[in-house]
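Biologist: Before we talk about this model, I would like each label you use to be set against the rule behind it. Could we go through them one at a time?

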Amino acid sequence: NSMMEDIRFIRERKIGKNYRDKYYFYSMTLDSLVRNCRLVRADSISLGFLIEDFKKNATYSLWETPIPQLQIWLGEMVMLGLIEMREKEDGIIMLSLSEDGVRAYQEQRFHSISASLFEAKNSRELAMAAIVIAIISVFI
């Protein structure tokens with residue numbers, strides 16, 4: 001029974017990390033599109049430019065996430081109507097912000113979710129540290 005609980009705990013931590021990464025990716029994508037399309041009046045940006053922008057501006061590393069997962073999340077953003085994706089004749093994938101994406105950015109919808117998930121992670125880590133300190137203090 002204890003082993004099953006351990007497996008469930010590990011699975012839940014993995015799911016939590018997946019959602020943290022996913023909503024952070026959504027937030028960073030919307031930020032990049034607003035910064036590079038709306039503010040400079042560009043129609044769209046390339047996928048390669050988005051990745052370079054992440055490398056410069058991300059405060060949390062998404063680079064542990066496999067590229068196919070990032071592509072799935074981009075596809076989800078297209079299906080949710082947040083972004084539009086098209087392929088140019090030369091094969092370069094271009095991304096642009098939809099009106100729903102603008103609203104999600106203005107509401108900071110995914111930014112709030114991402115921040116909450118990171119805060120929950122930090123709270124769990126702090127609670128674990130407090131437990132360890134309490135156990136150690138019993139023996140001192």
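Biologist: What makes strand 2 and strand 3 a pair?

Modeller: In this predicted model, strand 2 and strand 3 are joined in the antiparallel sense over five bridges, and because pairing requires at least two bridges between the strands, the label applies. One position to look at is E87, which stands opposite I93 in strand 3. The hairpin of these two strands has five residues between them, and there G91 takes a positive phi near 90°.

Biologist: How do you know that strand 1 and strand 3 pair?

Modeller: Two bridges join strand 1 to strand 3, the two running antiparallel, and since the rule asks for at least two bridges, the condition is met. I45, for instance, has L95 in strand 3 as its bridge partner.

Biologist: Why is strand 3 called largely enclosed?

Modeller: Strand 3 covers residues 93–97, and four of its five residues are buried, so the rest of the structure largely encloses this strand. For the chain as a whole, buried residues make up 30% of the 140 residues.

Biologist: What makes the contact of E76 and K22 a salt bridge?

Modeller: The side chains of E76 and K22 meet at 3.0 Å, N to O, and because the criterion is a nitrogen of Lys or Arg within 4 Å of a carboxyl oxygen of Asp or Glu, the pair qualifies. This salt bridge links distant parts of the chain, with E76 in helix 3 (residues 67–79) and K22 in helix 1 (residues 2–38), 54 residues apart.

Biologist: Why is K22 called buried?

Modeller: The relative accessibility of K22 is 13%, and because buried means under 20%, K22 falls in that class.

Biologist: Are R35 and D53, which meet in a salt bridge, buried or partly exposed?

Modeller: Their side chains meet at 2.5 Å, N to O, and the pair links R35 in helix 1 with D53 in helix 2 (residues 47–57), 18 residues apart. D53 has a relative accessible area of 5% and is buried, whereas R35, at 31%, counts as partly exposed, because that class lies between 20% and 50%.

Biologist: Why do you say that the salt bridge of R86 and D43 ties together separate parts of the sequence?

Modeller: The closest N and O atoms of R86 and D43 are 3.6 Å apart. R86 lies in strand 2 (residues 83–87) and D43 in the loop between helix 1 and strand 1 (45–46), so the pair ties together parts that are 43 residues apart in sequence. D43 has a relative accessible area of 60% and is therefore exposed, the limit being over 50%, while R86, at 41%, is partly exposed. In total, the structure holds five salt bridges.

Biologist: Why can I131 belong to a nonpolar surface patch?

Modeller: I131 is partly exposed, with a relative accessible area of 46%, and because patch residues need over 30%, I131 passes that limit. I131 is found in helix 5 (residues 109–139), and the patch, of about 580 Å², is made by M128, I131, I135, V138 and F139. The chain exposes about 9,500 Å², of which carbon and sulfur atoms supply 60%.

Biologist: How are the elements ordered along the chain?

Modeller: The chain has five helices and three strands, which run α-β-α-α-β-β-α-α from the N terminus on. Among its contacts with a separation of 6 or more, 63% come from residues 24 or more positions apart.

Methods: Residues are numbered from 1 along each chain as its sequence is written. This is a predicted model: local features need pLDDT of at least 70, side-chain atom pairs count only at pLDDT 80 or more; totals for chains, interfaces and linings use all residues. Side-chain values use heavy atoms; hydrogens and water are left out. Buried means under 20% relative accessible area, exposed over 50%, partly exposed in between (1.4 Å probe, protein chains only). Contact means heavy atoms within 4.5 Å. Accessible areas come from the Shrake-Rupley method with a 1.4 Å probe; for residues, only the protein chains shown count as cover. Patches are made of residues with over 30% relative accessible area and no salt bridge: like charges are joined within 9 Å, nonpolar side chains (Val, Leu, Ile, Met, Phe, Trp, Tyr) within 5 Å.
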